[in-house]
Amino acid sequence: MKHPIRAALAALCALALVLAGCSAGQDPGPASSAPVEVEFGLRPARTPHPSAEPAAAPAPTQEPAPEPGPSIEVIDGITYVNGILVANKTYALPADYNPGVDPDAQSAFDVMAQAAANEGLNIYISSGFRSYDYQAGLYQRYVDRDGQAAADTYSARPGHSEHQTGLAFDLNTISDSFANTPEGQWVAAHCHEYGFILRYPADKVEITGYKYEPWHLRYLGVETATAVAESGLCLEEYLGIDSVYAE
């Protein structure tokens with residue numbers, strides 16, 4: 001039989017050993033899993049879901065390309081804009097340019113006149129080709145009568161007249177009243193079908209530089225004349241050019 005005092009002392013010693021181990025940070029229990037290290041002040045990186053797709057990069061903004069300007073070519077002093085011969089207040093013809101009436105324009109007019117005649121209408125050419133010298137004399141007479149500022153609204157300076165191209169015709173009565181005649185109304189509605197345009201419309205005076213001339217036709221060919229007529233533009237607008245004297 002053990003001595004009671006010795007047994008009590010042994011129990012106290014065992015308790016002391018247990019308490020000493022706890023105060024030293026030892027875990028008397030079974031080994032736990034490895035500790036997780038966390039860096040202070042940083043959130044752990046979040047693993048993306050496997051099904052998540054990366055955000056598409058925004059498409060780069062692209063400035064619209066500028067519209068191309070008219071193609072202007074000068075051959076032997078004659079100006080062609082997008083392949084069309086031009087004579088207006090900005091673009092002049094040489095004094096020695098003397099082609100006469102353009103045969104294609106004359107043929108197209110003859111076909112148009114016959115079509116009008118089939119409907120009981122009479123259209124004819126009152127003024128066709130004019131040389132540089134003829135236009136110079138005509139313009140000067142208007143200047144002497146009305147002054148240059150007024151003459152410039154209805155008559156071209158020499159070298160600037162479409163009549164010198166051989167592609168322009170004045171029809172019937174050279175008067176605003178022509179617009180209200182059956183012939184004038186028919187021409188306005190149908191001339192593009194034969195390759196002509198009304199060159200100086202009433203609502204384009206500030207652009208063409210000339211007063212309304214319902215009698216003045218310009219030959220361009222059926223395709224171009226139809227495109228101009230359907231656009232509602234005058235020739236300057238259609239080609240992207242102006243019509244202004246330099247001085």
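In this predicted model, Cys191 is classed as buried, because its relative accessibility of 3% falls under the 20% limit for that class. Cys234 is likewise buried, with a relative accessible area of 2%. Disulfides, each a covalent bond between the sulfur atoms of two cysteines, are absent: the structure holds zero of them.

His192 is placed in the loop between helix α5, which spans residues 182–190, and strand β6. With a relative accessible area of 19%, His192 is counted as buried, because the class takes in values under 20%. When neighbours within four places in sequence are set aside, the contacts of His192 are Val222, Ala225, Thr226 and Ala229.

Strand β6, on the far side of that loop from α5, belongs to an open sheet of four strands. The strands follow the order β4-β5-β7-β6, and their pairing is antiparallel. The edges are occupied by β4 (125–127) and β6 (196–200); each has a single partner strand, so one side of each lacks a neighbour in the sheet. On average, neighbouring strands of this sheet are turned by 50° against each other when direction is ignored. Within the sheet, β4 and β5 (residues 168–171) run antiparallel and are joined by two bridges. Ile125 has Leu171 in β5 as its bridge partner.

A further open sheet consists of three strands in the order β1-β2-β3, again with antiparallel pairing. Here β1 and β3 (84–85) stand at the edges, and each pairs with a single strand, so one side of each is left without a neighbour in the sheet. Strands β1 (residues 72–75) and β2 (residues 78–81) are antiparallel and are connected by four bridges. These two strands form a hairpin, with two residues lying between them. Asp76, located in the turn of this hairpin, has a positive phi of about 55°.

On its other side, β2 is joined to β3 by two bridges, and these strands also run antiparallel. Tyr80 illustrates the arrangement of the three strands. In β2, Tyr80 is the bridge partner of Glu73, while the partner of Tyr80 in β3 is Leu85. Tyr80 is thus bridged to Glu73 as well as to Leu85.

Definitions and conventions:
Residues are numbered from 1 along each chain as its sequence is written. This is a predicted model: local features need pLDDT of at least 70, side-chain atom pairs count only at pLDDT 80 or more; totals for chains, interfaces and linings use all residues. Side-chain values use heavy atoms; hydrogens and water are left out. Two strands pair if DSSP finds at least two bridges between them. Axes are lines fitted to C-alpha atoms, for helices over the stretch in contact, and angles run from 0 to 180 degrees between N-to-C directions. Buried means under 20% relative accessible area, exposed over 50%, partly exposed in between (1.4 Å probe, protein chains only). Contact means heavy atoms within 4.5 Å. A disulfide is a pair of cysteine sulfur atoms within 2.5 Å.
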